[in-house]
Each structure stands twice: as C-alpha cells, then as structure tokens.
Amino acid sequence: MVASTSSAIVLNINGEKYPLSVDHRTTLLDALRERLDLTGTKKGCDQGQCGACTVLLDGRRTVSCLQLAVAAEGRAITTIEGMADGERLHPVQQAFLDLDGFQCGYCTPGQICSAVAVIQEHAAGWPSAVTDDVRPEAGPPPLTAEEIRERMSGNLCRCGAYVSIVQAVARAAGADAAANTEEAA
C-alpha cells in the first residue's frame, strides 16, 4: 500500500476556518499565499532568515516558510490581515504608520506580527539576550531601544527603517501598557 502524500486539513486563520487539501510538504507560507490568497504575508528568503513571512501561531511568532501547513492544523494562525479590528488598526500598525516604520513596505507585515509578539513576550517577563537581570522576580526589564532591537533582530529591513521600527514598537508597547492599565482599573 502506498501512503498518501497529501491530507485534508482545516486551518484556523484570523478566526476563520479554511478547509484545504495540501501536499504534506506545503509550507504554511505557501498555503496562505498560493492557496488562500492571503498575500499580506511575504515570501523573502524562504529559509527562515529574514522574518518577512512572520505570522503568529497560537499567539507566538513563527516564520511561516519553515512551518508545514499540516502541522498548523488546529492552531490559531494570525496574519497581518487579522491584526486590525475592522477599520481600527492594531496599535502596532498605527505606530508603524504614524512613525514611518516602513519604507518599501515589503517586510512590514512580518515586522508588525513580530512586534505584536515582542510586546506580549516582554509583558510576560521573558528575557532577551540583552536583559541584565533574568531572574523571574526581577520582572520585565525596561523596554529600551536595545531590548527592542535584540527582540526584533530576526526581522530584516533591507531599506534600513530600523530607527523608526524601534520607535514604533516602543510607542505601541506604551499604548498597550496604558490600555492594559485602563482595563485593570
């Protein structure tokens, strides 16, 4: 008996279910772009090195060019198309727009998805390679430019908009922290 090389799967993308029949070798990136016409996620290096294809998988960032579509079944996938709340942009999207955190825009969807995860990781107290005090009781370190640069280092911008990207992430993190404080009150 010959084993099948494809499977029928259902992907949960931006809160919607998408049934697909995919070859087992199909990456999540190719399923998104080629099969589902969700072209906001960009194909850059196709080797997991540039971050242009970053999406959120169960709230954590992943490079979709290295993630098999069949392995993403049953998990919550968020792409750039799912970031905004209707016409209201996500705070990270708004900060990128306000502070010119993009030039050509090609890397921007991956940068934004990564930034959303960076802010969540930082708020949860996850240390980075530049965090001075990594003890859990120390709490989250200040989200300095150095912390942001380190945490965003997997996302390349060939145009060099890094200064504006760091500013946008910092602004969005401040807006996120303020919103969480207001919600808690």
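## Sheet, helices and cysteines

Strands β3 and β4 (residues 60–63) pair in the antiparallel sense over 4 bridges. Two strands count as paired if DSSP finds at least two bridges between them. Helices (H or I, at least four residues) and strands (E, at least two) are DSSP runs, numbered from the N terminus. This is a predicted model: local features need pLDDT of at least 70, side-chain atom pairs count only at pLDDT 80 or more, and totals for chains, interfaces and linings use all residues. Residues are numbered from 1 along each chain as its sequence is written, and side-chain values use heavy atoms, with hydrogens and water left out.

**The sheet.** β3 and β4 form a hairpin with 2 residues between them. In the turn, Asp 58 has a positive phi of about 55 degrees. β3 also meets β5 (residues 76–78), antiparallel, through 2 bridges. Elsewhere, β1 (residues 6–13) and β2 pair in the antiparallel sense over 8 bridges.

| Residue | Opposite residue | Strand of the opposite residue |
|---|---|---|
| Leu 56 | Arg 61 | β4 |
| Leu 56 | Thr 78 | β5 |
| Leu 11 | Tyr 18 | β2 |

Overall, 5 strands form an open sheet in the order β2-β1-β5-β3-β4, with mixed pairing. β2 (16–23) and β4 stand at the edges with a single partner strand each, so one side of each has no neighbour in the sheet. The twist averages 40 degrees from one strand to the next.

In a regular strand the side chains alternate between the two faces of the sheet. In β3 (residues 54–57), Thr 54 and Leu 56 point one way, Val 55 and Leu 57 the other. All four are buried, meaning under 20% relative accessible area (exposed is over 50%, partly exposed in between; 1.4 Å probe, protein chains only).

**The helices.** Helix α1 (residues 28–35) lies across β1, β2, β3 and β5, at about 105 degrees to β2. α3 packs on the sheet, touching β3, β4 and β5, and its direction makes about 40 degrees with that of β3. Contact means heavy atoms within 4.5 Å. Axes are lines fitted to C-alpha atoms, for helices over the stretch in contact; angles run from 0 to 180 degrees between N-to-C directions.

α3 (residues 108–123) is mostly covered, with 14 of its 16 residues buried. Just after α3, Gly 125 takes a positive phi of about 90 degrees.

**The cysteines.** The whole structure holds 0 disulfides, a disulfide being a pair of cysteine sulfur atoms within 2.5 Å. Why does Cys 65 form no bond with Cys 53? Their sulfurs are 3.7 Å apart, too far for a bond. Cys 65 is buried at 6% relative accessible area. For Cys 113, the closest cysteine sulfur is also in Cys 53, 10 Å away and too far for a bond. Cys 113 is buried at 0%.
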